[in-house]
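Good morning, everyone, and thank you for making time for this. I would like to walk through one structure with you, going from the overall layout to a few particular residues.

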Amino acid sequence: MSHWQNNRLLKTDSVWCAAQERSTTPLFNRGFRAVQRNEGAACMGALGECCVEYWLDWHGVSWFPDGNYNNDLVVNGKRAEIKTKLRTVVPEGNYEASVNNYGDWIQKPDLFIFVSLYREQGCDTTSAQSFSAAFFVGWCWDEELYEFGYQKKIGDIDERNGMVARAESMNIEHRFLRDINTIGEWL
C-alpha cells in the first residue's frame with residue numbers, strides 16, 4: 001500500500017520516528033537553530049526535512065545533506081531549503097508559504113521546498129507522532145519567491161485571517177508554487 005495520496009504523505013512510523021530522533025540531535029540543533037528553535041519548532045523542521053527526503057527517495061531524485069548552517073539538502077546539485085508550516089486544516093491554493101528573514105543571516109538556497117504538517121487542533125507539537133500527514137504544497141526557485149511573493153514585517157496583520165506576523169518574512173501563495181511532482185524535471 002502506498003503512503004502517498006495527492007501530494008500528501010500519510011503518517012509512516014519510519015519517517016516520523018526518524019524525525020523525532022533527528023530533532024533532538026546536536027547536529028540538527030547546531031548554531032542558528034540552537035538559538036532560534038524551541039522543541040516544537042525543532043520537531044516540525046525535522047519532520048518536514050525527513051518527509052522531503054522520503055519523497056525524493058521514493059521518486060528517485062538524487063539528494064544528500066548539505067552539511068552547513070545555511071541549507072538543508074543538496075538536490076541534484078542544487079542547494080535546497082525545506083520550509084515547514086504547522087496546520088490544523090488542509091492547505092489550499094490561497095494559503096501562504098513563508099521564509100523567515102533572520103536579520104543579517106539570510107538563507108541563499110537555489111530553491112525552496114514547502115511542506116505543511118497536519119495535526120488535530122490541540123495536539124502536542126513537540127512530538128512528531130502528533131502529526132498525521134505531510135502535504136507537499138510545492139517548490140520554487142529562490143528568484144521566484146521574490147518575484148511572486150511579498151514581504152511581511154513583524155506585527156503585520158493578515159486581513160484574510162487575522163494572523164499577526166511574529167517574524168519578518170517573504171511569503172508566497174501556494175498557487176504560485178511549482179507542483180512538487182515537477183521537481184525532478186527541473187533539476
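What follows is a short tour of this model, beginning with the fold and ending with some local features.

Please keep in mind throughout that this is a predicted model. The protein chain contains five helices and nine strands, and if you follow the sequence from start to end, the order of these elements is β-α-α-α-β-β-β-β-β-β-α-β-β-α. Of the 187 residues in the chain, 43% are buried. Among contacts with a separation of 6 or more, 65% are made by residues that lie 24 or more positions apart. The chain exposes about 9800 Å², and 50% of that area is supplied by carbon and sulfur atoms.

Let me turn to the interior. As a general background, nonpolar side chains in soluble globular proteins tend to be buried together. Here the largest nonpolar core has 30 residues, and the members that touch the most others are Trp 16, Leu 47, Cys 51, Val 52, Ile 113 and Phe 136. At least two residues of this core come from each of helix H1 (13-22), helix H3 (39-58), E3, E4, strand E6 (111-119) and strand E7 (131-141), with H3 giving the most, namely nine residues. If we take Leu 47 and leave aside residues up to four places away in sequence, the residues that Leu 47 touches are Val 15, Trp 16, Ala 19, Leu 117, Ala 128 and Phe 131. Apart from this core there is another one, of 13 residues, which includes Phe 135, Val 137, Cys 140 and Leu 145.

Next, the aromatic rings. How many aromatic pairs does a search of the whole structure find? The search finds five, and I will show you two of them. Phe 112 and Phe 114 form a stacked pair, with 6.0 Å from centre to centre and 20° between the planes; Phe 112 is buried at a relative accessible area of 1%, and Phe 114 is buried as well, at 2%. Phe 148 and Phe 176 also form a stacked pair, at 5.6 Å centre to centre and with 10° between the planes. Because Phe 148 lies in helix H4 (residues 142-148) and Phe 176 in the loop between strand E9 (169-173) and helix H5 (183-186), this pair ties together parts that are 28 residues apart in sequence. Both of these rings belong to partly exposed residues, with a relative accessibility of 36% for Phe 148 and 33% for Phe 176. A ring is also involved in another kind of arrangement, in which the charged end of Arg 178 sits over the ring of Trp 139, 5.4 Å from its centre.

Now to the cysteines, where the count of disulfides comes to zero. Cys 50, for example, is in no disulfide, and the nearest cysteine sulfur, that of Cys 51, is 7.1 Å away. Cys 50 is buried, with a relative accessible area of 7%, whereas Cys 17 is partly exposed, at 44%.

Finally, a point about the backbone. Most residues other than glycine have a negative phi. Asn 76, although not a glycine, has a positive phi of about 45°. Asn 76 is found in the loop between strand E3 (73-75) and strand E4 (78-87), and at 33% relative accessibility Asn 76 counts as partly exposed.

Terms used
Residues numbered from 1 in each chain as written. Predicted model: local features only at pLDDT ≥ 70, side-chain atom pairs only at ≥ 80, totals over all residues. Heavy atoms only, no water. Helix = DSSP H or I, 4+ residues; strand = E, 2+ residues; numbered from the N terminus. Buried < 20%, exposed > 50% of the residue type's maximum accessible area, 1.4 Å probe, protein only. Contact = heavy atoms within 4.5 Å. Areas by Shrake-Rupley, 256 points an atom, 1.4 Å probe, with all protein chains shown as cover. Disulfide = S-S within 2.5 Å. Phe/Tyr/Trp six-rings, centres within 6.5 Å; stacked < 30°, edge-to-face > 60°. Lys NZ or Arg CZ within 6 Å of the ring centre and 35° of its normal. Core = buried A, V, L, I, M, F, W, Y, C linked by side-chain atoms within 4.5 Å.
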